[in-house]
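Thanks for making the time this morning. I would like to walk you through one helix and its surroundings, so please have a look at the model first.

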Amino acid sequence: MWDYEYSATAEVTPNAVWTLWADPLGWHAWNDGVGEVELHGPFAAGTAFTMTPPGEDTIHMTITEVVPDQAWIDVCEVPGLLITTHHLIEDLGAGRTKVTYRTEITGEAADELGPEIGPQICADFPDVVTKLLALAASA
């Protein structure tokens, strides 16, 4: 298994963050790596979606869990790998919220390929979380 986690806090409400997450067609406003998103159903567990990062191939994913104002999880299955990303909101009280992105790469090829592709997948987490929190704070 390979994993990586990044967290940041800001003076925003959990709902302000959630509102941005629950609008996949708007993710490009705060995540430069998203490009085009197509959601094949509601923003709910079991819904498949595709994301086409700028200049890259389309990625097929499935939402596996949604807990409004708290978390959502997506998975991407490729031969030999299961890439799971947790998007977590923690209400710290006093108007502060912590946002965490955590990616886990498992599967028969995880030990070999995880260290190679994991850092590429997660490289923008600090920038993405920073922009997400800034936009949530301005809403």
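Which residues of helix 1 are buried? Bearing in mind that what you see is a predicted model, the buried residues of helix 1 are Pro 14, Ala 16, Val 17, Trp 18, Leu 20 and Trp 21. That is six of the eight residues of helix 1, so the helix is largely enclosed by the rest of the structure. As for what does the enclosing, these buried residues pack against strand 4 (59–67), strand 5 (71–78), strand 6 (81–93) and strand 7 (96–106), and also against helix 3.

Let me stay with helix 3 for a moment. The axes of helix 1, residues 14–21, and helix 3, residues 125–138, come within 9 Å and cross at roughly 115 degrees, and the two helices are therefore roughly perpendicular to each other. Their crossing is right-handed. On the helix 1 side the contact is made by Ala 16, Val 17, Leu 20 and Trp 21, and on the helix 3 side by Leu 132, Leu 133, Leu 135 and Ala 136. Sorted by character, the residues of this contact are eight nonpolar, no polar and no charged.

Now to the wider core. In the largest nonpolar core, which has 35 residues, Val 17, Trp 21 and Tyr 101 touch the most other members, while helix 3 contributes the largest share, six residues. Leaving aside its neighbours within four places in sequence, Trp 21 is in contact with residues including Trp 27, Trp 30, Phe 43, Trp 72, His 87, Tyr 101 and Leu 132.

Conventions. Residues are numbered from 1 along each chain as its sequence is written. This is a predicted model: local features need pLDDT of at least 70, side-chain atom pairs count only at pLDDT 80 or more; totals for chains, interfaces and linings use all residues. Side-chain values use heavy atoms; hydrogens and water are left out. Axes are lines fitted to C-alpha atoms, for helices over the stretch in contact, and angles run from 0 to 180 degrees between N-to-C directions. Helices (H or I, at least four residues) and strands (E, at least two) are DSSP runs, numbered from the N terminus. Angles under 35 degrees count as roughly parallel, over 145 as roughly antiparallel, 65 to 115 as roughly perpendicular and the rest as oblique. A crossing is left-handed if the near helix is turned anticlockwise from the far one by less than a right angle, and right-handed if clockwise. Contact means heavy atoms within 4.5 Å. Ala, Val, Leu, Ile, Met, Phe, Trp, Tyr, Cys and Pro count as nonpolar, Asp, Glu, Lys and Arg as charged, and the others, Gly among them, as polar. A nonpolar core is a set of buried Ala, Val, Leu, Ile, Met, Phe, Trp, Tyr and Cys residues joined through side-chain atoms within 4.5 Å. Buried means under 20% relative accessible area, exposed over 50%, partly exposed in between (1.4 Å probe, protein chains only).
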